[in-house]
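Student: I would like a close look at a single part of this protein. Please take the aromatic side chains, and then set them in the whole.

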Amino acid sequence: MNSLFKNSLQRTPQAVPPIWFMRQAGRYHQHYQGLRAKHSFMELCKQPELAAQVALGPVAEFDFDVSILFSDILFPLEALGMGLDYTDHGPQLGFKLNPQTMAKLGPVDEAIEFMKFQKAAVKATREVLPSNKSLIGFVGGPWTLFVYAVEGSHAGSLIQSKTLINMFPQFLEKMYPLLKENIRLQFEGGAEIVMIFDTAAGEVSPLFFQEWIQPVLTRLSQDYPGKIGYYSKGTQPVFFNKAFTDLPWAGQGFDHRCYLPDSFKIQNKGFVQGNFDQSLLFMDDADFKKALSHFLAPMKAMSPVERAGWVCGLGHGVLPKTPEKNVKLFVDTVRKELSHD
């Protein structure tokens, strides 16, 4: 385990935080593009040795402290028989979920068997990573997976997903036990923590979140106390009531719409991950350095005790075509600026 990441999990004060980007192994990276030229996206995810090489690439080049399983949140839907293809227009499911198609979802035990390729990918990644680097697994949030199943994407106002919300408990009868076992498989493969990525959570109201989404997140966090992290895109502090923050999370990620210093008051245990705006990585050199300096200023103003738990990263994933030089400059600058404290 990476010592900086271990300190963040335990809220041990330290000057320099660990650095980890969501989607750090992705389309912006030449290393990934080289592998992608020879293999399909599905092959890169499902062949463990290839997934490991993709995950290793950015750690080797940019010296991130933490690596993450290279995979996709939609595979549990494929595992339940929804079909899945990755096209030039994004992922395509075989059918959309509605009251008429719900019965087409397959058995959970077969879906769990299907997901074992992720355990193998985590294990293969651990074998190629340097021992001083940490490894994270991940699953999609149950609500986000429901949205994808119903809508075929998570874009727009999610009208169908919200109007069919009474179907959500029936969906969870299969998805919850599948995710629970999917998480267990990743732990067995060697993941130190597993993140829940809930990219569609910010499209609902706080009351909707607390009524429909929070209960199943509660179950997952309590299934693996201190081992599950949660990230939601577009949510605000008002979403997270005391019952949510009291759950035994390993930590929580916050997107760039949240003021990071205040996030340590929202999630007062484990790690706090975030949250530089990933779009700003496209700026020219002078503007990027200025934006990064503004981002770091309030963090430098906090003492190591006050910012204990910080995992420095982005507000969401690295975007395609992000200049690699700015990824490297980000990592180098954070370490240089914070080491002076």
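Tutor: Start with the cluster. Phe-21, Tyr-28, Phe-62, Phe-64, Phe-276, Phe-288, Phe-295, Trp-310 and Phe-330 form one aromatic cluster. Bear in mind that the model is predicted.

Take one member, Tyr-28. Where does Tyr-28 lie? Tyr-28 sits in a loop, with helix 1 (3-9) on one side in sequence and helix 2 (30-36) on the other. Is Tyr-28 buried or exposed? Its relative accessibility is 6%. The cut-off for buried is under 20%, so Tyr-28 counts as buried.

Now the surroundings of Tyr-28. Leave out residues up to four places away in sequence. Tyr-28 then touches Arg-23, Pro-58, Phe-62, Phe-64, Val-318, Leu-319, Pro-320, Lys-321, Thr-322, Glu-324 and Val-327. Two of these contacts, Phe-62 and Phe-64, are also members of the aromatic cluster. Thr-322 deserves a second look. Tyr-28 and Thr-322 are 294 residues apart in sequence. In space, their C-alpha atoms are 5.4 Å apart.

Contacts between residues distant in sequence can also be counted over the whole protein. Consider contacts between residues at least 6 apart in sequence. Of these, 73% join residues at least 24 apart.

Back to the rings. The whole structure holds 34 aromatic pairs. One of them joins Phe-239 and Phe-240, whose ring centres are 6.4 Å apart. Pairing requires centres within 6.5 Å. The planes of Phe-239 and Phe-240 meet at 50°, so the pair is tilted. Why tilted? Planes under 30 degrees apart would count as stacked and over 60 as edge-to-face, so the rest are tilted. Both residues are shielded by the same criterion as Tyr-28: Phe-239 counts as buried at 5% relative accessibility, and Phe-240 is buried with a relative accessible area of 8%.

Now the whole protein. Of its 341 residues, 57% count as buried. The secondary structure comes to 15 helices and 9 strands. A compact globule with 341 residues would have a radius of gyration near 20 Å; the protein has 19 Å, which agrees. Along the principal axes, the C-alpha trace spans about 60 × 45 × 35 Å.

Finish at the surface and the charges. The accessible surface is about 13700 Å². Carbon and sulfur atoms account for 53% of that surface. There are 34 positive and 34 negative side chains. The centres of these two sets lie 2 Å apart.

Methods:
Residues are numbered from 1 along each chain as its sequence is written. This is a predicted model: local features need pLDDT of at least 70, side-chain atom pairs count only at pLDDT 80 or more; totals for chains, interfaces and linings use all residues. Side-chain values use heavy atoms; hydrogens and water are left out. Helices (H or I, at least four residues) and strands (E, at least two) are DSSP runs, numbered from the N terminus. The radius of gyration is taken over C-alpha atoms; the globule rule is 2.2 Å times the number of residues to the power 0.38. Buried means under 20% relative accessible area, exposed over 50%, partly exposed in between (1.4 Å probe, protein chains only). Contact means heavy atoms within 4.5 Å. Accessible areas come from the Shrake-Rupley method with a 1.4 Å probe; for residues, only the protein chains shown count as cover. Lys and Arg count as positive and Asp and Glu as negative; His and the chain ends are not counted. The place of a charge is taken as NZ of Lys, CZ of Arg, CG of Asp or CD of Glu. Rings of Phe, Tyr and Trp (its six-membered ring) pair if their centres lie within 6.5 Å; planes under 30 degrees apart count as stacked, over 60 as edge-to-face and the rest as tilted.
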